[in-house]
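Subject: Handing over a structure, with notes on what was found

Dear colleague,

I am passing on to you the structure below, and I would be glad if you could look through it alongside my notes. They are arranged by topic, so that you can follow each one in the viewer as you read.

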Amino acid sequence: MDVVSDAIAAVRVGSPSSNRLRVTGAWCVRLAPYEGAGFHVVLGGSCLLLPDGGGEPVALGPGDVVLLPHGAGHVLAHAAAQPADVRRAVPFEELRDTDVRRSGPGPAVELLCGKYRLDRSRTHPLMAELPQVVHLPHRAGGHPELRAAVDLLARELAERRPGGCLVLPSLLDLLLVYLVRAWMAEAETGAWPAVLDDPVTTAALRAVHSDPAAPWTAARLAAEAGVSRATLARRFTALVGRPPMAYLTWWRLTLAATRLRETDAPLATVARETGYGSPYALSHAFSREFGITPSAYRGLGSGVTRP
């Protein structure tokens, strides 16, 4: 596994969902905050996205894609919406999966909207540093794989062909990966685009993520990166924010948390898969990191944030 795939897989729970929405005239819908990430794709027309908390309105045009990676509440509205319209916004659930026409003239707007459920207790720093709103305006030739995924999603939702129950979740997973990739390609700030542009740090991360249970040492990781221990420690810590071995420990425990919540594997198996010599060693490290024992964490159930 690579870092981006692992960062997404670590927080994903359940299945994503999506809706196709077509509205005309004066319309305004509110989406409440939620434990996950959301996205909107403008298939036709234009509209406004207004983040909760007084953030700057985002004008969305045909082909634009927007990701809300932290589940921020927001309003979607017709392009000429005024503050009074926003105050009268209706819940999104009242309009989804419908072809709604409001009174009065106005161009049609067609949207593809979706959600991913995320477990915030296991958030990778790559996902944590995404901004509240990631706006990817449509540009000819820009992010072709993202555009292809959007086109396929829109077509599947419009035609409801056989096999769609399997195709749609897979396409939604692809869309999330492409959205994160696109943000990293365009980001002017943020640590993780720089992290993954650094060959030394990337080599060490690739080693850790490819085989987290291996008996890694600082010397072995430095050898994988082709540099001295001191050089790896300096560059890795400066970019990632923690030393290589500290990151390894954190990632092993994050994987252990995922296994505990998503499988019935015995603690001894989880310990072996994540590089711990015994259930006791894993339990001790896990309790120190999460403030809860592995068995108690497993008992919380899927989708419940840890203390």
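Five strands form an open sheet in the order β5-β4-β7-β2-β8, and the pairing within this sheet is mixed. Its edge strands are β5 and β8, the latter covering residues 90-91, and each of the two pairs on one side only. At one end of that order, β4 and β5 run antiparallel to each other and are joined over three bridges; if you would like a residue pair to look for, C47 has L60 in β5 as its bridge partner. Please keep in mind throughout that this is a predicted model, and that what follows was computed from its atoms.

For orientation, the chain has 307 residues, of which 48% count as buried, and it contains 13 helices and 11 strands. Taken along the principal axes, its C-alpha atoms fill a box of roughly 70 × 40 × 40 Å. Among the contacts in the chain with a separation of 6 or more, 75% are between residues that lie 24 or more positions apart.

Next come the salt bridges. Side chains of opposite charge can pair when their charged atoms come close. How many salt bridges does a search of the whole structure find? The search finds eight, and I describe three of them here.

One of these salt bridges joins E110 and R20, whose closest N and O atoms are 2.6 Å apart. Because E110 belongs to strand β10 (residues 109-117) and R20 to strand β1 (residues 17-24), this pair ties together parts of the chain that are 90 residues apart in sequence. E110 is partly exposed, at a relative accessible area of 23%, and R20 is likewise partly exposed, with a value of 23%.

Another salt bridge is formed by the side chains of R30 and D52, at 3.1 Å from N to O. This pair also links distant parts of the chain, since R30 sits in strand β2 (residues 28-31) while D52 is in the loop between β4 (47-51) and β5 (58-60), 22 residues apart. R30 is partly exposed, with a relative accessible area of 32%, and D52 counts as partly exposed too, at 36%. Strands β2, β4 and β5 are the ones you have already met in the open sheet.

A further salt bridge connects D198 with R235, the closest N and O atoms being 2.6 Å apart. D198 is found in the loop between α6 (191-195) and α7 (199-210), whereas R235 is in helix α9 (residues 229-240), so that the pair links parts of the chain 37 residues apart. Is D198 buried or exposed? With a relative accessibility of 11%, D198 counts as buried, because that value falls under 20%, while R235, at 30%, counts as partly exposed.

Two single residues are also worth locating in the viewer. L43 has its place in strand β3 (residues 36-44) and is partly exposed, with a relative accessible area of 28%. Leaving aside residues up to four places away in sequence, L43 touches R20, E110, L111, L112, V150 and A154, and this list includes both partners of the salt bridge between E110 and R20. The C-alpha atoms of L43 and P193, by contrast, are separated by 29 Å, with their positions 150 residues apart along the chain.

The other residue is Y297, which is placed in helix α13 (residues 294-300) and is buried, its relative accessible area being 0%. Y297 and R261 are 36 residues apart along the chain, and their C-alpha atoms are separated by 7.5 Å.

Last, there is the matter of internal space. Rolling a probe the size of a water molecule over the atoms shows where empty space is left. A search of the whole structure finds one cavity of 30 Å³ or more, and the largest cavity has a volume of about 40 Å³. Which residues line the largest cavity? They are V11, P69, H70, L118, D119, R120, T123 and M127, and by class this lining has four nonpolar, two polar and two charged residues.

With best wishes

Definitions and conventions
Residues are numbered from 1 along each chain as its sequence is written. This is a predicted model: local features need pLDDT of at least 70, side-chain atom pairs count only at pLDDT 80 or more; totals for chains, interfaces and linings use all residues. Side-chain values use heavy atoms; hydrogens and water are left out. Helices (H or I, at least four residues) and strands (E, at least two) are DSSP runs, numbered from the N terminus. Buried means under 20% relative accessible area, exposed over 50%, partly exposed in between (1.4 Å probe, protein chains only). Contact means heavy atoms within 4.5 Å. A salt bridge is a side-chain nitrogen of Lys or Arg within 4 Å of a carboxyl oxygen of Asp or Glu. Two strands pair if DSSP finds at least two bridges between them. On a 1 Å grid over the protein atoms alone, a cavity is a set of points where a 1.4 Å probe fits but cannot get out, and a pocket is an open set with protein on both sides within 12 Å along at least five of seven lines; lining residues have an atom within 4 Å of a point. Grid points are joined across faces, edges and corners, and a volume is the space filled by probe spheres set on the points. Ala, Val, Leu, Ile, Met, Phe, Trp, Tyr, Cys and Pro count as nonpolar, Asp, Glu, Lys and Arg as charged, and the others, Gly among them, as polar.
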